[in-house]
Amino acid sequence: MPERAAPRAWSEDLAGRSPPQGAVPDSASAVSSPSDPAAAGDDAGASTAPAPGGEGDPLSPHRDARLGSTDKELKAGAAAAGSSPTALGTPWQRELRVEVMDPERRNHARELVQVEELGRWDALVVMSGDGLMHEVVNGLMERPDWETAIRKPLCSLPAGSGNALAASLNHYAGYEQVTNEDLLTNCTLLLCRRLLAPMNLLSLQTASGLRLFSVLSLAWGFIADVDLESEKFRRLGEMRFTLGTFLRLAALRVYQGTLAYLPAERVVSQVPAPPSVERQDQQGPTDAHLVPLEEPVPPHWTVVPEQDFVLVLALLHSHLGSEMFAAPMGRCAAGTMHLFYVRAGVSRAMLLRLFLAMEKGRHMDYDCPYLVYVPVVAFRLEPKDGKGVFAVDGELMVSEAVQGQVHPDYIWMAGGCMEPPPSQKPQQGAPPGEPL
């Protein structure tokens, strides 16, 4: 859950200066700049990550845009390349205008963005953990003009205990893995560079009829337990997860349920069935790969034969925390996500080794026969007897049948990346669904 702290605002030119000491822990800011500004400030002395094609340049006009592009340009995708060129190293024509919105309770940020006049702002900057970004994105998707609202550029500045999304953006930009103030500095520099990159969005449907959207992950079992049970240790910062891991290992649980997924490699040859009338009437993008939860999954899906799990994790990005490099196999292709699961039978010692190795992304080197990884575009998870809890972007969700589908390049995030996303072909090695 997002932390709550009293924020302080700054409205100076972000491109040339760092935020003041102690500024804005846990807040959402709206940032406005000229509609066709030059580049982000006088950054001659600022260190930025190298990028192909020249420092700060986007990978390609189709993959990246610039902060200040209109919503119409962003929605058009490749058309964004036709916006007025900007040059790095030249000052903005006027200083930024910033308005800080301080969430006072859970889901307050969600309510604020539902009624905010978004046309006044070039970007929404979320300074918190991953939970507040979850609220903001779901608030945008609940607006009557959600199709336009969700194209508003977003920025994640880390001020929580997990900061997985910020750590992933830091990784994509080519920076080395850092935490705390160093991670905040890197993410602020990414905002100042004004490069935008499209990111996948996970649509989730539950048995109770709830629909929500995830920007990071859905976890069930061990990871969700650690995430939610360590809330009482939040004052420890990132160390809360280490302590929570040891406590949960001491009382390791096994969860029963049914897991099925649509492998990324099968999407090319399969045409999604037309959505039902009920789903066509639902606000938000159509989940064309999903059928109603009361129906069996389509025959071209894979159903995992085991029903005893230690954990299941659907992950959109590289990191599960600022020091948890969970997906070292590379950035997800558009429309795909990482799916991990650990079968029952794994020893406590092996599970501990996996989590300790995850800091540097070396957990896959153990070739643990209980750990399975596969790139997917959709999944379904049905817990038995409602046991266990779900954590969606670190936020609690009741345990019930849930299914999800990735929507490609659906949100724009300040960052840019060095590494182009791979094709939808699964990584070389063990076949999808086989132990690694």
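**Strand pairing, buried histidines and cavities in a predicted model**

Leaving aside neighbours within four places in sequence, His-407 is in contact with Asn-200, Leu-201, Ser-203, Arg-211, Pro-285, Thr-286 and Asp-287. The model in which these contacts occur is a predicted one. With one of the listed residues, Asp-287, the side chain of His-407 forms a polar contact of 2.6 Å. His-407 belongs to strand E16. Its relative accessibility is 6%, so His-407 counts as buried, the cut-off for burial being under 20%.

The surroundings of His-407 may be set against the protein as a whole. The protein has ten helices and 16 strands, and 58% of its 436 residues count as buried. Contacts between residues distant in sequence are well represented: among those joining residues at least 6 apart, 79% link residues at least 24 apart.

Strand E16 spans residues 402-414 and is mostly covered, with eleven of its 13 residues buried. Two strands pair with E16. Strand E6 (residues 195-206) runs antiparallel to E16 and is joined to it by ten bridges; within this pairing, Pro-198 has Trp-412 of E16 as its bridge partner. Strand E13 (residues 371-383) is also antiparallel to E16, here with four bridges, and Ala-378 is partnered by Gln-405 of E16.

Strand E11 is a second covered strand. Seven of its eight residues are buried, so E11 is largely enclosed by the rest of the structure. Three pairings of E11 can be described. With strand E8 (residues 217-221), E11 pairs in the antiparallel sense over five bridges, and Ser-217 has Leu-315 of E11 as its bridge partner. Strand E9 (residues 255-263) is joined to E11 by two bridges, again antiparallel; Tyr-255 stands opposite Phe-309 of E11. The pairing of E11 with E12 is antiparallel and extends over six bridges, with Leu-311 opposite Val-342 of E12.

Eight cavities of 30 Å³ or more are present in the structure, and the largest has a volume of about 120 Å³. Its lining consists of Ile-223, Leu-311, Leu-313, Ala-326, Phe-340, Val-342, Leu-351, Leu-354, Phe-355, Met-358, His-363 and Leu-371. Two or more lining residues come from each of strand E11 (308-315), strand E12 (337-343) and helix H10 (348-357). Helix H10 gives the most, with three residues. By residue class, the lining of the largest cavity divides into eleven nonpolar residues, one polar residue and no charged residues. Leu-311 and Val-342, which stand opposite each other in the pairing of E11 with E12, are both among the residues lining this cavity.

The loop between E11 and E12 contains His-319. The relative accessible area of His-319 is 2%, and this residue is therefore buried. A polar contact of 2.9 Å links the side chain of His-319 to that of Gln-177. Apart from neighbours within four places in sequence, His-319 is in contact with Ala-164, Ala-167, Ser-168, His-171, Gln-177, Leu-216, Met-324, Phe-325 and Ala-326. One of these, Ala-326, also lines the largest cavity.

Two asparagines have positive phi values. Asn-163, although not a glycine, has a positive phi of about 55 degrees. Asn-163 is found in the loop between strand E5 (154-158) and helix H5 (164-172), and its relative accessible area of 6% is why Asn-163 counts as buried. Asn-180, likewise not a glycine, has a positive phi of about 55 degrees. Asn-180 is found in helix H6, which covers residues 180-193.

Helix H2 completes the description. In this helix, which spans residues 108-115, the buried residues are His-108, Ala-109, Arg-110 and Val-113. These buried residues of H2 pack against strand E4 (123-128) and helix H3 (130-141).

Definitions and conventions. Residues are numbered from 1 along each chain as its sequence is written. This is a predicted model: local features need pLDDT of at least 70, side-chain atom pairs count only at pLDDT 80 or more; totals for chains, interfaces and linings use all residues. Side-chain values use heavy atoms; hydrogens and water are left out. Buried means under 20% relative accessible area, exposed over 50%, partly exposed in between (1.4 Å probe, protein chains only). Two strands pair if DSSP finds at least two bridges between them. On a 1 Å grid over the protein atoms alone, a cavity is a set of points where a 1.4 Å probe fits but cannot get out, and a pocket is an open set with protein on both sides within 12 Å along at least five of seven lines; lining residues have an atom within 4 Å of a point. Grid points are joined across faces, edges and corners, and a volume is the space filled by probe spheres set on the points. Ala, Val, Leu, Ile, Met, Phe, Trp, Tyr, Cys and Pro count as nonpolar, Asp, Glu, Lys and Arg as charged, and the others, Gly among them, as polar. A polar contact is a pair of N or O atoms within 3.5 Å; within protein, one must be able to donate a hydrogen and the other to accept it, and residues adjacent in sequence count only if both atoms are side-chain atoms. Contact means heavy atoms within 4.5 Å.
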